[in-house]
Amino acid sequence: MNAEARRWVRVASRSDLAEGDVLGVEAGGRQIAVYDCDGTLYATDNICTHAQARLCDGWLDGEAIECPLHAARFDVRTGKVLALPATADLKIYPVRIVEGGIEVEIP
Ligand code: FES
């Protein structure tokens with residue numbers, strides 16, 4: 001087997017992330033954004049694929065995050081680009097809640 005090693009990393013307390021909000025965290029040297037969409041959590045890379053803006057400084061609208069710099073939009077469930085000027089999708093990460101903490105699975 002040549003499966004990529006992955007591990008779950010606790011990145012925040014569940015209470016740090018309010019419903020409809022986005023939180024920037026670090027795990028395994030990566031900058032990751034964690035989103036609460038009506039109580040369901042998602043995680044993507046935090047850096048916009050267009051330039052160097054942090055998506056956690058943007059606006060979460062339903063399941064879409066809008067970049068604060070040039071207003072590209074991404075679907076936080078899939079990482080897919082929804083609006084230019086970004087053309088590359090975001091990487092997404094599995095996320096779960098364990099004992100009151102938010103965990104993200106990273107390579
Ligand atoms: S840096 Fe995000 S749209 Fe330009």
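This passage walks through the strand pairings of the structure, which is a predicted model.

As a starting point, strands of a sheet pair through backbone hydrogen bonds, in either a parallel or an antiparallel sense. A convenient place to begin is the run of strands β2, β3 and β4. Strand β2 covers residues 22–27 and strand β3 covers residues 30–37; the two pair in the antiparallel sense, with six bridges between them. Within this pairing, valine 22 is found opposite tyrosine 35 of β3. The hairpin formed by β2 and β3 has two residues between its strands, and glycine 28 in this hairpin adopts a positive phi near 55°.

Strand β3 also pairs with strand β4, which spans residues 40–45; this pairing is antiparallel and again counts six bridges. Here isoleucine 32 has aspartate 45, in β4, as its bridge partner. A hairpin is made by β3 and β4 as well, with two residues separating the strands, and aspartate 38 in its turn shows a positive phi of about 55°. Strand β3 can thus be followed on both counts, pairing with β2 and with β4.

Attention can now turn to an open sheet of three strands, arranged in the order β1-β11-β10 with antiparallel pairing. Its edges are formed by β1 (7–13) and β10 (95–98), each of which pairs on one side only. On average, neighbouring strands of this sheet are turned by 35° against each other, with direction ignored. For the pairing of β10 with strand β11, residues 101–106, four bridges are found, and the sense is antiparallel. One contact to look for in the model is isoleucine 97, whose bridge partner in β11 is isoleucine 102.

A further open sheet holds four strands in the order β5-β6-β7-β8, and the pairing is antiparallel here too. Because β5 (59–61) and β8 (81–83) stand at the edges with a single partner strand each, one side of each is left without a neighbour in the sheet. From one strand to the next, the twist of this sheet averages 30°. The partner of the edge strand β5 is visible in its pairing with strand β6, residues 64–66: the two run antiparallel and are joined by three bridges. In this pairing, leucine 60 stands opposite isoleucine 65 of β6.

How values were computed:
Residues are numbered from 1 along each chain as its sequence is written. This is a predicted model: local features need pLDDT of at least 70, side-chain atom pairs count only at pLDDT 80 or more; totals for chains, interfaces and linings use all residues. Two strands pair if DSSP finds at least two bridges between them. Axes are lines fitted to C-alpha atoms, for helices over the stretch in contact, and angles run from 0 to 180 degrees between N-to-C directions.
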